[in-house]
Amino acid sequence: MLNLIKNEWIKIFKRPGTYVMIGLLVLAVLGTGILTKVYGDSGQSTNPQWKQELQQETKEYKKEMKGLPKSANTYKQSLERDIAINQYRLDHNLPPEQAETGWSFIYDSASFISFAGLFTIIVAAGIVASEFGWGTIKLLLIRPIKRTKILLSKYLTVIIFDVFLLAILFISAAILGFALFGTGDGNNAHLAYANGTVVEQNMLLYLIKRYLLASIDVIMITTMAFMISAVFRNSSLATGLSIFLLFMGSTVTAIIAAQYNWAKYILFANTDLSQYFDGIPMVDGMTLGFSITMLLIYFIVFMLLAFGVFTKRDVAA
Amino acid sequence: MASPVVQLNHVTKVIKGKKIIDDLSFTIEEGEVFGFLGPNGAGKTTTIRMMVGLMGITSGEILICGKNVEKEFEAALMNIGGIVENPEMYKFLTGYQNLMQYARMIKGISKQKIDEVVEFVGLKERIHDKVKTYSLGMRQRLGLAQSLLHDPKVMILDEPTNGLDPAGIREIRDHLKKLTKEKGMSVIVSSHLLSEMEMMCDRIAIIQNGKLVDIQKVHDYVNDTKQKYFFEVNLENVGILDNIPYEKVDKGYEIELEKEEVPKMIQKFTEAGISIYEVKPIAKTLEDRFMEVTTGGEKHA
């Protein structure tokens, strides 16, 4: 199995497109870093008036909350969260970090995870379909190796590739962030709000967790792209559909969720698990357990489709 | 007789309700070159794809060295090396990297083995060039190389000479001869090129419309002791041909004779005062046989 994955890895890295992807990813981090440094850095780390500001902010939030209609439940909850965190800062004398630090830069760079996801999807969409396109599928499948193993090795390669891109993103953001903005004043706790209370978390652990949680989204869509690739042998279809869903899926789901309760069964309502650790669920009544169950169901369905069709298929092309 | 290396038992393939292969049974012995002949669309490629597990078998079974291709896929395929149509390789890799891909997929293939195979197919000079720079003949050779890596007992080649020039065809033929002679491999070749098959194969199966029409040794086809000869004569009295099988054709007669009987026959005609304008053997080529068999099959179908 290790050799099969090695084979797939070689096939990915012997093509120049892969290096373009990695280059673009690093370039995106580099570009934002430099732009932030040049235009965004205010230079001052802490506003001396921060306590008054926070109190003012909290007052406004509370006023706003009273005026909200009942249906704006989600927004109300997010205001509640902001109020609680403000209160926690006041109570524990933790001024909000205003200047950019290496930590906040890594945090912000997480928005490039969907960029890394985009590239993973391209790889996933091609990994089965292009063997058919190249005609190499015939020589690949007449090895004394079961088709299940070959497909599994391809899937694992895609997942490893995703982790690899995430690592590149995280590390390049960390190197650049700490080089440009320093480590901040050592006050590196992250304030999270869950179940009505505020907790401090270690920043590094928090960031790694954030990256991993954000990639559940990517991994699910990648799995879907992989399934489409294996079932339809068409990488354009797999790429197009998956990228569309990657960028539009959660938006569309959020719109549906505002109206209908069944939105919670949609894949994209469940891909963002950070809503349970650090925010408010998209649809009322959703729990972490529910989302994990839904994700598992989707995952199993995708896998059954991919493996079922791939192992049974007559290779005629 | 050696045990069969490949055995097909009542193999049938149905695609979308249509019988592509209908109850095909035959065996292939060790060390023989077995030809698979048939017009386009007869089911040659389908049969070969079933043998290597690229296509499922609707009913019946295929055994490779006693192992069922469907149930013991890995064990069966250990014994098979194959090229299905044009060997498509990863064009962005070099020839050597391509071979490494396949070598990694089977345990115990050493670097020496790869070098040996490369040497055998004569690609040593270009093996570290990218495959996209290869000619079709070189790709065919690389295809042969990948199929030899694990020392299979059976080589299965689907249309190996398609698109090759005469030199390339000859090269493939020579390689196959060497493999059967030196390594005792069995070879299964499919083709619609008759002359090719005649030169390469020991035994040939003709299939048409998914059915086995005929299976025979090549020598049976070509070197029958008795042969038909065409005599262009102005013969009025047929009595002279008593006890001799003959057939009246346009301008003369076709008479089945052994070679030694031909002068006697001519003498007989001249003695009877019959003018002979032309005598020629009607060479019964594989092609004649093929046409005979396949068109006959069509009439009955």
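A cavity, in the sense used on this tour, is a set of grid points among the protein atoms where a 1.4 Å probe fits but cannot get out, and its volume is the space filled by probe spheres set on those points. Keep in mind throughout that the model in your viewer is a predicted one.

**First stop: the enclosed spaces**

A search of the whole structure finds three cavities of 30 Å³ or more, and we shall visit two of them. Begin with the second largest cavity, which holds about 40 Å³ of space. To find it, select A:Leu4, A:Asn7, A:Glu8, A:Lys11, A:Leu140, A:Ile150, A:Ser153 and B:Met105, which together form its lining. Now colour H1 and helix H8 (147-181) of chain A, the elements that give two or more residues to this lining; H1(A) supplies the largest share, four residues. Sorted by class, the lining residues of this second largest cavity are four nonpolar, two polar and two charged.

Next, move to the largest cavity, where about 50 Å³ of space lies. Its lining is made by A:Glu8, A:Lys11, A:Ile12, A:Arg15, A:Ile127, A:Ser130, A:Glu131, A:Trp134 and A:Lys154. Helix H1 (2-13) and helix H6 (113-134) of chain A are the elements that give two or more residues here, and H6(A) gives the most, with four residues. In this lining you will find five charged residues, three nonpolar ones and one polar one.

**Second stop: the sheet of chain B**

Turn now to chain B and display its strands. In general, the strands of a sheet pair through backbone hydrogen bonds, either parallel or antiparallel. Here six strands make an open sheet with mixed pairing, and as you cross the sheet you meet them in the order S6-S7-S8-S3-S9-S10. Strand S6 (80-84) and strand S10 (211-217) of chain B are the edge strands, each pairing on one side only. On average, neighbouring strands of this sheet are turned by 15 degrees against each other, if direction is ignored.

For a closer look, select residues 33-37 and 186-191 of chain B, which are strands S3 and S8; they run parallel and are joined by five bridges. Within this pair, B:Leu37 has B:Ser191 as its bridge partner in S8(B).

**Last stop: helices on the sheet**

Which strands does helix H1 (residues 44-51) of chain B touch as it packs on the sheet? The helix touches S3, S6, strand S7 (154-158), S8 and strand S9 (203-208) of chain B, and its direction makes about 145 degrees with that of S7(B). Finally, select helix H5 (residues 136-148) of chain B, which lies across S6 and S7 of chain B and runs at about 155 degrees to S6(B).

Notes: Residues numbered from 1 in each chain as written. Chains lettered and ligands numbered in written order. Predicted model: local features only at pLDDT ≥ 70, side-chain atom pairs only at ≥ 80, totals over all residues. Heavy atoms only, no water. Pairing = 2+ DSSP bridges. Axes fitted to C-alpha atoms, helices over the stretch in contact; angles between N-to-C directions. Contact = heavy atoms within 4.5 Å. 1 Å grid on protein atoms, 1.4 Å probe; cavity = no way out; pocket = protein on both sides within 12 Å on 5 of 7 lines; lining within 4 Å. Nonpolar A, V, L, I, M, F, W, Y, C, P; charged D, E, K, R; others polar.
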